[in-house]
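Please find my notes on this model below. They cover the pockets, the overall build and a few backbone details.

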Amino acid sequence: MEGLYQVKVIKELLGRHGFSFSKKLGQNFLIDPSVCPKIAEMGNAKSGFGIIEIGAGVGVLTHELAARADKVCAIEVDERLLPVLAETLAEHKNVKVLRGDVLKVDLASLIRDEFDGLNAAVCANLPYYITSPVIMRLLEERLPVSSVTVMVQKEAAVRLCAAPGERSCGAASFAVRYFSEPKRLFDVSRGSFYPSPNVDSSVVRFDIRSETPDFVDDEKFFFTVVRAAFQQRRKTLCNSVSAALGIDKQLVTQAAQKAGTDPSVRPEAMTLEGMAAFAEELKKIR
Ligand code: SAM
């Protein structure tokens, strides 16, 4: 559908369908025509790919994805948008819009059933209130996807893509690096959306690793330690882990020393390998 980036056209369309914006659902729609083609191109929307989109809105990104990929499955939680999308995406025969909450939809089955013989990737302008749970779900579930390309709040993008050793590195940065190679692609100003949010955004891409690092033996315990390490940000690694897991500080210090880690180190200065070795030693004394 033409003109979907114009506020006047969006207002007329949504007014006709009796739709009003929900802040709670993170409904800020893209009105900058340069952004969606870039997300689609950098997000693997191309021949041979099936794309899962999260939160279709009025379908501006869906349109760009459908024009490039073999198939698009767009998940949208707000049923009021379904008749809108039926109108705006009428020209695309390779789009399926599914009403559902992305945190509840069985994505593995969706990929298996809808993308037979295709590679899969995820592209989205994410509703920001569920950025972390969505990204963690997409990564931890080990879905058969090549990449996850998402627009998130700029501060979240910095944190998610931070390398170990960087100030903004946190538990989520460790998880992202464990499962993928992250890249911050480009920034998008708040004026590119209608209604305009009060934060700027960035588009990030996580290229999913075909194999996760082999130096982590017990993944579940590794992430328990990672979360514990960052639970109290201003504390040292050992103090934070000791407090969060209820393990005697002296034992935690010994585990750090055995792993070759300075017990006074801050968690953000740890490497993935260092954290894995520390977790292994902690497991022995737990
Ligand atoms: N893709 C459109 C765009 O770029 O203009 C809309 C993006 S808007 C930031 C986020 C969209 O996600 C909204 O349409 C909202 O209704 C939808 N949404 C919110 N929570 C959702 C959930 N749990 N599952 C699926 N979609 C959701």
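**Notes on the predicted model**

1. I start with the second largest pocket. The model is predicted, and the volume of this pocket comes out at about 250 Å³. Its lining has 15 residues. Ser132, Met136, Ala171, Ala172 and Ser173 are the closest to its centre.

2. Which elements build that lining? Two or more residues each come from α6 (131-140), α7 (154-161), α8 (171-179) and α9 (219-229). By class, the lining of the second largest pocket holds 8 nonpolar, 4 polar and 3 charged residues.

3. Where does the second largest pocket lie relative to the domains? Domain 1 (7-208) gives residues to its lining, and so does domain 2 (219-285). The pocket therefore lies between the two domains.

4. Now the largest pocket. Its volume is about 640 Å³. A total of 38 residues line it. Look for Leu25, Gly26, Gln27, Asn28 and Pro127 nearest its centre.

5. Several elements feed the lining of the largest pocket. At least two residues each are supplied by β1 (29-30), β2 (49-54), α3 (60-68) and β3 (71-76). The lining divides into 22 nonpolar, 11 polar and 5 charged residues.

6. One of these elements, α3, merits a separate look. Which of its residues are buried? They are Val60, Leu61, Thr62, Glu64, Leu65 and Ala66. Glu64 is thus listed as buried alongside Leu65 and Ala66. The buried residues of α3 pack against two of the strands named above, β2 and β3, and also against β1. Their other partners are α2 (35-42), β4 (95-99) and β5 (119-125). So α3 has a part in two descriptions: it supplies residues to the lining of the largest pocket, and its buried residues pack against these helix and strand neighbours.

7. On the overall build: the protein chain has 12 helices and 9 strands. Its radius of gyration is 21 Å, close to the 19 Å that the globule rule gives for 286 residues. The chain is therefore as compact as a globular protein of that length. The C-alpha trace spans about 65 × 40 × 25 Å along its principal axes.

8. How much of the protein chain is buried? Buried residues make up 51% of the 286 residues. Contacts are worth a check too. Of those with a separation of 6 or more, 69% are between residues 24 or more positions apart.

9. Please inspect one peptide bond. Tyr194 and Pro195 are joined by a cis peptide bond, with omega at about -10 degrees. Pro195 sits in the loop between β8 (193-194) and β9 (201-208).

10. Two residues that are not glycines have a positive phi. The first to check is Asn44, with phi of about 75 degrees. Asn44 is in the loop between α2 and β2. Is this residue buried or exposed? Its relative accessible area is 16%, under the 20% cut-off, so Asn44 counts as buried.

11. The other is Arg142. Its phi is positive, about 50 degrees, although Arg142 is not a glycine. Arg142 lies in the loop between α6 and β6 (147-153). At 44% relative accessibility, Arg142 counts as partly exposed. Note that α6, at one end of this loop, also gives residues to the lining of the second largest pocket.

Definitions and conventions
Residues are numbered from 1 along each chain as its sequence is written. This is a predicted model: local features need pLDDT of at least 70, side-chain atom pairs count only at pLDDT 80 or more; totals for chains, interfaces and linings use all residues. Side-chain values use heavy atoms; hydrogens and water are left out. On a 1 Å grid over the protein atoms alone, a cavity is a set of points where a 1.4 Å probe fits but cannot get out, and a pocket is an open set with protein on both sides within 12 Å along at least five of seven lines; lining residues have an atom within 4 Å of a point. Grid points are joined across faces, edges and corners, and a volume is the space filled by probe spheres set on the points. Helices (H or I, at least four residues) and strands (E, at least two) are DSSP runs, numbered from the N terminus. Ala, Val, Leu, Ile, Met, Phe, Trp, Tyr, Cys and Pro count as nonpolar, Asp, Glu, Lys and Arg as charged, and the others, Gly among them, as polar. Domain bounds come from an automatic or database domain assignment. The radius of gyration is taken over C-alpha atoms; the globule rule is 2.2 Å times the number of residues to the power 0.38. Buried means under 20% relative accessible area, exposed over 50%, partly exposed in between (1.4 Å probe, protein chains only). Contact means heavy atoms within 4.5 Å.
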